[in-house]
Amino acid sequence: MYDGMPRPLSFPPARRRRSLRAAAVALAAALLAAGCGSSDGTVQDPKTTASSAGGFPVTIDNCGVKTTYDKPPSRVVTIHQHPAELMLALGLKDRMVGTAFPDSAVLPELEKDYESLPELAKKEPSFETVLDAEPDLVYGGYGSAFAENEGRSRKAFADAGIDTHLNREYCGKKRVTMRDTYDEIRTIGRIFGVPDRADRLVTDLKGRVGKAATTVEGAPEPSVFVYDSGDKTAFTAGGRSLGTELIRLAGGKNVFADLDDVFGDVSWEQVVARKPEVIAIYDYAGAGSVEQKKRFLLSRPALADVPAVKNKRFVVLPLTATLIGIRSAHAVDDLARALHPESFR
């Protein structure tokens, strides 16, 4: 998993001039938008919205950073895969000038569009690399997109006249749910002036989740242990993670749902004591292959009598499928089929 902290950086004089213009625009927009607000973090002025094309200006409060958009962004860099997939699913490929840090195989229906995007880096790109793409918005998936110690703070981008948006999962507030997924999609829809597309996508994803949940309703709930990584201890999904909700919707129960965090370390003794019937392996770049993880779990003598290990009952989930983005709805269906194969025959 990834995280990051921001720090300011210097930038060329041309960028300073652009930041001054951006600051002036933002100030004017903020004064216009001060009139009224809504619970979803969008603030709009009733006197200007009706006459503005597409409902602009629109103000978004994202992880404590307020940004006013007078028009949809037209040159976007996404850092991490799930923001890129979300934008592509909304038909916004023409607004994207680069992406970075692919985690796993892309959804088949988005693969062609994703591969057509310039890849700025295999991991998080440098601040200078992002600037070279001349974006007007940087959309980050993990907190590390805006890592201060690597010079990519949100303030550094703002000072360079570039807006930023961070996936709400990393706002550090509370338990993450599917509602956060739907809210994120609708927020991106508002930013880009395509709220109808966002609503249609949310309706489709809700339908996918509802169908899977209904299919397994009433079936016994197998216990599931999420194995992200780790050898001396196990790094797993806690009760605040979206993964726990995906398991619940798929008709299972996370054995560490009582862990009061999104992710955390647990002892192997705890894993043994909770006797999971299924192990969900999170698959992502840089954490060892799925086969390596399986071999590790199967080779530990202490785990030999754990039902999931004894029966070699593993289900693999791309990490991107367990994050706020379009993949989470697909993950519910995949998990439900793995946990309850008899219900889908």
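**Exercise 1. Find the residue in S13 that stands opposite Tyr-227, then work outward to the sheet.**

Step 1. Tyr-227 stands opposite Ile-281 in S13. Strands here are DSSP runs (E, at least two residues), while helices are H or I runs of at least four, both numbered from the N terminus.

A quick word on what you're looking at: it's a predicted model, where local features need pLDDT of at least 70, side-chain atom pairs count only at pLDDT 80 or more, and totals for chains, interfaces and linings use all residues. Residues are numbered from 1 along each chain as its sequence is written, and side-chain values use heavy atoms, with hydrogens and water left out.

Step 2. Zoom out a bit: S9 (residues 223–227) and S13 (residues 278–283) pair in the parallel sense over four bridges. Pairing takes at least two DSSP bridges between two strands.

Step 3. Now the whole sheet: it's open, with four strands in the order S11-S9-S13-S14 and parallel pairing. S11 (253–254) and S14 (314–318) each have a single partner strand, so one side of each has no neighbour in the sheet.

Step 4. Add the helix. H13 (residues 327–339) packs on this sheet and touches S9, S13 and S14; contact means heavy atoms within 4.5 Å. The direction of H13 makes about 175° with that of S14, using lines fitted to C-alpha atoms (for helices, over the stretch in contact) and angles from 0 to 180 degrees between N-to-C directions.

**Exercise 2. Work out the strand order of the five-strand sheet and name its edges.**

Step 1. The order is S6-S5-S4-S7-S8, again an open sheet with parallel pairing.

Step 2. The edges are S6 (119–121) and S8 (163–166): each has a single partner strand, so one side is left without a neighbour in the sheet. From one strand to the next, the twist averages 20°.

Step 3. S7 (residues 137–140) is joined to S8 by four bridges, and Leu-137 stands opposite Asp-163 in S8.

**Exercise 3. Track down the largest nonpolar core and the neighbours of Ile-185.**

Step 1. The largest nonpolar core has 61 residues. Such a core is a set of buried Ala, Val, Leu, Ile, Met, Phe, Trp, Tyr and Cys residues joined through side-chain atoms within 4.5 Å; buried means under 20% relative accessible area (1.4 Å probe, protein chains only).

Step 2. Among the residues with the most contacts inside it are Leu-90, Ile-185 and Ile-326. Helix H8 (residues 195–216) gives the largest share, seven residues.

Step 3. Leaving out residues up to four places away in sequence, Ile-185 touches Leu-86, Leu-90, Ala-198, Leu-201, Val-202, Leu-205 and Ile-326.

Methods
Buried means under 20% relative accessible area, exposed over 50%, partly exposed in between (1.4 Å probe, protein chains only).
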